[in-house]
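Here are my notes on the chain, set out as numbered points. Please read them with the coordinates open.

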Amino acid sequence: MAEKFDHLEEHLEKFVENIRQLGIIVSDFQPSSQAGLNQKLNFIVTGLQDIDKCRQQLHDITVPLEVFEYIDQGRNPQLYTKECLERALAKNEQVKGKIDTMKLPRISGRTEPQAVSCAGVE
């Protein structure tokens, strides 16, 4: 599974680098750099095709929308996983406490009630 992600990551890195180089060519465009511009555009098209091929291998992967919200907010998406685990742990402890509370009456209910005498009390 990691191989698929590594392959995608490699193509994305190449694509980003080509986009960066394209930006440099366009920002300082000279008519003599038209051939280089065309070549970079062809690399970008090829890069998009390679990324699309990777997409087909990863079609069964789902990403929660909250992860994209973290990214949009400029937060590390790994924080989403951390916070999900923390929430699950807190909920687990809460449920465990409820289970322990439910067990207490059963334990005390199993013992024989002791007779309480009110004799002599006035």
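1. Status and overall make-up. The model is predicted, not experimental. Its secondary structure amounts to four helices and zero strands, and read along the sequence the pattern is α-α-α-α. The chain has 122 residues, of which 12% are buried. Of the contacts with a separation of 6 or more, 48% join residues 24 or more positions apart.

2. Which residues make up the largest nonpolar core? There are eight: Leu-8, Phe-15, Leu-22, Leu-37, Ile-44, Ile-51, Cys-54 and Leu-58. Two elements, helix 1 (2-27) and helix 2 (34-57), each give two or more residues to this core. Helix 2 supplies the largest share, four residues. As background, nonpolar side chains in soluble globular proteins tend to be buried together.

3. Helix 1, geometry and burial. At 1.5 Å a residue, the 26 residues of helix 1 should span 38 Å, and the end C-alpha atoms are 37 Å apart, which agrees. The buried positions of helix 1 are Leu-8, His-11, Phe-15, Asn-18 and Leu-22. Leu-8, Phe-15 and Leu-22 also belong to the core of point 2, whereas a nonpolar core by its definition takes in neither His nor Asn, so His-11 and Asn-18 are not candidates for it. The buried residues of helix 1 pack against helix 2. On the spacing of such positions, an α-helix has 3.6 residues a turn, so residues three or four places apart point the same way.

4. Helix 2, geometry and burial. The same check applied to helix 2 gives an expected span of 34 Å for 24 residues; its end C-alpha atoms are 35 Å apart, which agrees. Leu-37, Lys-40, Ile-44, Gly-47, Ile-51 and Cys-54 are buried in helix 2. A reader may wish to look at Lys-40, a lysine listed among the buried residues of this helix. The buried residues of helix 2 pack against helix 1, and the buried residues of helix 1 pack against helix 2 in turn.

5. What does Cys-54 touch, leaving aside its neighbours within four places in sequence? Its contacts are His-7, Leu-8 and His-11. Leu-8 and Cys-54 are both members of the largest nonpolar core. Leu-8 and His-11 are also among the buried residues of helix 1.

6. The aromatic pair. The structure holds one such pair. The ring centres of Tyr-70 and Tyr-80 lie 5.6 Å apart with the planes at 80°, so the arrangement is edge-to-face. Tyr-70 is in helix 3 (residues 65-72) and Tyr-80 in helix 4 (residues 77-110), ten residues apart, and the pair links distant parts of the chain. Both rings belong to buried residues: Tyr-70 has 9% relative accessibility, and Tyr-80 has 13%.

7. A charge over one of these rings. The charged end of Arg-75 sits over the ring of Tyr-70, 4.1 Å from its centre. Tyr-70 therefore takes part in the edge-to-face pair with Tyr-80 and also has the Arg-75 charge over its ring.

8. Salt bridges in helix 1. The count for the structure comes to six salt bridges. One of them joins Lys-14 and Glu-10 at 3.4 Å, N to O; both residues lie in helix 1, four residues apart, about one turn of the helix. Lys-14 is partly exposed at 47% relative accessible area, as is Glu-10 at 38%. Another joins Arg-20 and Glu-17 at 2.5 Å, N to O, with the partners three residues apart in helix 1, again about one turn. Arg-20 counts as partly exposed at 46% relative accessibility, and Glu-17 is partly exposed at 30%. In general, side chains of opposite charge can pair when their charged atoms come close.

9. A salt bridge in helix 2. Asp-52 forms a salt bridge with Arg-55, and the closest N and O atoms are 2.9 Å apart. Both residues are in helix 2, three residues apart, about one turn of the helix. Asp-52 is partly exposed, with a relative accessible area of 33%.

Definitions and conventions
Residues are numbered from 1 along each chain as its sequence is written. This is a predicted model: local features need pLDDT of at least 70, side-chain atom pairs count only at pLDDT 80 or more; totals for chains, interfaces and linings use all residues. Side-chain values use heavy atoms; hydrogens and water are left out. A nonpolar core is a set of buried Ala, Val, Leu, Ile, Met, Phe, Trp, Tyr and Cys residues joined through side-chain atoms within 4.5 Å. Buried means under 20% relative accessible area, exposed over 50%, partly exposed in between (1.4 Å probe, protein chains only). Contact means heavy atoms within 4.5 Å. Rings of Phe, Tyr and Trp (its six-membered ring) pair if their centres lie within 6.5 Å; planes under 30 degrees apart count as stacked, over 60 as edge-to-face and the rest as tilted. A charge sits over a ring if NZ of Lys or CZ of Arg is within 6 Å of the ring centre and within 35 degrees of the ring normal. The expected span of a helix is 1.5 Å times one less than its number of residues. A salt bridge is a side-chain nitrogen of Lys or Arg within 4 Å of a carboxyl oxygen of Asp or Glu.
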